[in-house]
Amino acid sequence: MQIQLESELKKVKKVSNNQKDKEKIIKEMLRDEVRSISPYYGEEDDFEVKINLAGNESPFDLPAKIKDKFINEFQKTDINRYPEIYSEKIHQELADYLSSELNKEVSTKEVIIGNGSDELLDILIRTFVEKGDIVLSQAPTFSMYRYFSELGGGIYEEIPLDKDFTIENIKAKIDRLQPKLIFFCSPNNPTGEILAKDLILSITEYFSGPVIVDEAYADFSKEDLMAQVENHANLAVTRTFSKAFGLAGIRLGYLYGNSVLVEELKKVLKPYNLNTLTDILGCIVLNNNDIIKERIEFIKKERERVFEHLKSYSDWDLFPSEANFIYLEGKKTHLFKKALNQAGIKIRSYNTKPAAIRITIGSEEENDAVLRVLEEFKQNN
Ligand SMILES: Cc1ncc(COP(=O)(O)O)c(C=O)c1O
């Protein structure tokens, strides 16, 4: 009788024209993890954005010469056809690029390319983490580790990046929590600091699961872990073209790891994951990367310039940065954010305790605009 009633109710609800009923029906159909998570939205702007220093993007568009090459290639492309299943050509270009960067032979079997490195973070979770498994990372850090872990039914645990972030304490946490996967982010988003190589390697040797080092900003830093990958089966590094390479708009990222790991990840990756346009432009930029290298040097110099100016105000804590942004902590940061917003400059803010902001390093003019606001701010605060 009860069952009959319930199914009657469902029938009624399914033909309902009331949006509230429909919402209820849809919510009931969802997996618990999807129902309880909020979609990723950026901060809303209540001012006219003239300069965007919120997303850690490159301030430079591609040179016209490179765009022209892209247009030429595009014109020769049959866009009605699917791309290569696993985008073999760009894998070869990337392997060649990494071989010259690392001064050793890197094979296409050791790299996997994603539709942004976000896609690869998601795939890592889906490959290793089952419902109820623990994913361990540092805090604060990039929000997507938690997002993908929880969406996949995992439990996300974090270790604060403070004076207790030591090898011994992390090992103790591993013993207690038995995580399935560890994410390190270095240079870290949002703080910009790099994690000690020794710490990551020591944890990689201690932990039996995958250790993923997200090096989205490593092009701006003085050290990275790429050269260590060949010595550790459970260590892999993810990188992106969205930051130093200035290609956030085409969504391109990669993972470098052991060939067996890469082969397993391919099972979880969708075939044809990379669209043809990304494929074409990615290959061109990999073959014309001198300009990218120059721009990285420029951003690093600008980072030091902006840092020195921000240091001249003592009422906040500045974090030394190895990335293309600077993180500031302290009560006054949100007042500074307000002043920046009034000047049309968008940055990232955090409602943490203490409050914090993150400012992306932009072009010279954009950074000058930030520093002009700073000078005025210092006089009034
Ligand atoms: C630490 C970190 N990892 C990964 C990403 C995602 O990069 P992609 O654009 O390649 O998906 C970001 C983007 O902000 C990031 O900050």
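A residue is taken to be near a molecule if one of its heavy atoms lies within 4 Å of that molecule. By this criterion, 13 residues surround the ligand in the predicted model described here, and the closest are Ser-117, Asp-214, Tyr-217, Thr-240 and Ser-242. One of these, Ser-242, has an N or O atom in its side chain that is 2.6 Å from an oxygen atom of the ligand. Two further side chains make contacts of this kind: an N or O atom in the side chain of Arg-251 is 2.7 Å from an oxygen atom of the ligand, and a polar side-chain atom of Asn-189 lies 2.8 Å from an oxygen atom of the ligand.

The packing of helices was examined for three pairs. Helix 6, which spans residues 117-128, and helix 7, which spans residues 144-151, have axes that come within 9 Å and cross at roughly 40°. Because this angle lies outside the ranges that count as roughly parallel, antiparallel or perpendicular, helix 6 is oblique to helix 7. The crossing of helix 6 past helix 7 is right-handed. On the side of helix 6 the contact involves Asp-118, Leu-121, Asp-122 and Ile-125, which meet Met-144, Tyr-145, Phe-148 and Ser-149 of helix 7. By class, the contact of helix 6 with helix 7 holds five nonpolar residues, one polar residue and two charged residues.

For helix 8 (residues 167-177) and helix 9 (residues 197-206), the axes are 10 Å apart and the packing angle is about 30°. Since angles under 35 degrees count as roughly parallel, helix 8 and helix 9 fall in that category. Helix 8 also passes helix 9 in a right-handed crossing. Here Ile-167, Ile-170, Lys-171, Ile-174 and Asp-175 of helix 8 meet Asp-198, Leu-199, Ser-202, Ile-203 and Tyr-206 of helix 9, and the residues of this contact divide into six nonpolar, one polar and three charged.

The remaining pair consists of helix 12 (residues 290-311) and helix 14 (residues 364-380), which pack at an angle of about 5° with their axes 10 Å apart; helix 12 is therefore roughly parallel to helix 14. From helix 12, the contact is made by Phe-298, Glu-302, Arg-305, Val-306, His-309 and Leu-310, while helix 14 contributes Glu-364, Asn-367, Asp-368, Leu-371, Leu-374, Glu-375 and Lys-378. The residues of the contact of helix 12 with helix 14 comprise five nonpolar, two polar and six charged.

Key. Residues numbered from 1 in each chain as written. Predicted model: local features only at pLDDT ≥ 70, side-chain atom pairs only at ≥ 80, totals over all residues. Heavy atoms only, no water. Axes fitted to C-alpha atoms, helices over the stretch in contact; angles between N-to-C directions. Helix = DSSP H or I, 4+ residues; strand = E, 2+ residues; numbered from the N terminus. Parallel < 35°, antiparallel > 145°, perpendicular 65-115°, else oblique. Left-handed = near helix turned anticlockwise from the far one by under 90°. Contact = heavy atoms within 4.5 Å. Nonpolar A, V, L, I, M, F, W, Y, C, P; charged D, E, K, R; others polar. Polar contact = N/O pair within 3.5 Å; in protein donor to acceptor, adjacent residues only side chain to side chain.
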